[in-house]
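Here is a short tour for the bench, starting with a metal site and moving on to the hydrophobic interior. Have the structure open as you read.

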Amino acid sequence: MDNIKCNAIVLSSKDYKEKDKIITLFSPDRGKFNAVLKSVKIANAKLKFAAQPFCFGEFMLVEHCGMYTVSGCTLVESFYEITTDLNKYYVGGAILEATSAIVLPEQIESGLFIEILKALKNLAYSNINERIILIKFFLNIFSALGYKFSFTKCASCGCNFTVKRFLNLNNGEICCGQCHTYDSIEISPEVHSCFRIINSTEYDRLDSVKINIDVLTLTLKLAKLLFSLKFNYDLHTIKLLAD
Ligand SMILES: [Zn+2]
């Protein structure tokens with residue numbers, strides 16, 4: 001048996017046996033893995049907080065034959081505020097679901113871990129529109145994964161955008177009407193501008209950004225489509241925000 005200590009965030013939690021739960025954790029240096037929280041369903045269980053999605057803590061784990069059991073947890077941040085507002089809850093759920101879909105066991109992803117914490121912190125404590133936070137989160141992870149969004153000039157010929165712009169669904173490049181390929185879809189100037197503004201604005205200044213709700217919804221739909229094409233995974237938790 002090995003004792004392990006690691007920072008991790010709870011992505012999801014489900015009942016297991018009569019009194020236990022299995023939580024899925026994402027740790028920046030161990031990737032995604034499951035761990036058992038024993039007797040956590042009994043009243044006054046000491047580690048109840050560690051069974052909540054969004055819980056970010058320092059977990060003490062015991063590994064035995066590839067199975068992990070939580071022996072202790074020091075709470076760093078519960079992000080409880082996210083669970084008190086329906087829109088925040090949906091966006092937070094989409095961030096956790098997207099993370100779970102991307103990260104593999106044993107995969108070291110410290111950059112993604114930092115992006116998740118940034119997004120959840122702003123979701124819990126800032127006045128930024130929830131949809132803007134989710135689009136920002138997607139743009140940051142897409143860029144980390146090699147999408148080359150072109151926000152000011154056509155990615156192919158380098159000309160300024162005039163009338164039409166098309167988004168290539170394979171690589172995220174945005175091209176003009178002359179250069180677009182068959183695997184692109186036309187996007188409106190408003191959606192293009194929405195992507196550009198959110199991409200170029202840091203979190204600490206995003207609360208002053210005001211974008212029409214219909215444009216935000218359309219932009220979120222596109223981000224969801226890009227995600228499903230890239231990862232072959234349809235995000236369920238976005239449906240209520242982007243359908
Ligand atoms: Zn062009």
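In this predicted model, the four donor atoms around the zinc ion subtend angles of 103 to 115°, so their arrangement is tetrahedral. The protein donors are the SG atoms of Cys154, Cys157, Cys176 and Cys179, which lie 2.3 to 2.4 Å from the metal. Along the sequence, these donor residues follow the spacing C-x2-C-x18-C-x2-C. Cys154 and Cys179 link distant parts of the chain, 25 residues apart. Here is where that pair sits:

| Donor residue | Location |
|---|---|
| Cys154 | loop between α3 (130–144) and β6 (165–168) |
| Cys179 | loop between β7 (174–176) and β8 (184–187) |

Is Cys154 buried or exposed? Cys154 counts as buried because its relative accessibility is 3%, and the cut-off for buried is under 20%.

Now for the hydrophobic interior. The largest nonpolar core holds 60 residues, and those with the most contacts inside it include Ile9, Phe79, Leu120 and Phe137. Elements giving two or more residues to this core include β1 (2–16), α1 (86–102), α2 (110–125) and α5 (213–231). The largest share, nine residues, comes from α3. Where does this core lie relative to the domains? Both domain 1 (2–77) and domain 2 (80–242) give residues to this core, so it lies between them.

Leu120 is a good residue to click on next. Leaving aside residues up to four places away in sequence, Leu120 touches Ile9, Phe54, Phe79, Ile82, Gly92, Ile95 and Leu96. Another core, of 20 residues, lies apart from the largest one, and among its members are Ala35, Leu47, Cys55 and Val70.

Terms used:
Residues numbered from 1 in each chain as written. Predicted model: local features only at pLDDT ≥ 70, side-chain atom pairs only at ≥ 80, totals over all residues. Heavy atoms only, no water. Donors = N, O, S within 2.8 Å, 3.2 Å for Na, K, Ca; no water. Tetrahedral: all angles 85-135°; square planar, octahedral: opposite > 155°, others 65-115°. Helix = DSSP H or I, 4+ residues; strand = E, 2+ residues; numbered from the N terminus. Buried < 20%, exposed > 50% of the residue type's maximum accessible area, 1.4 Å probe, protein only. Core = buried A, V, L, I, M, F, W, Y, C linked by side-chain atoms within 4.5 Å. Domains from an automatic or database assignment. Contact = heavy atoms within 4.5 Å.
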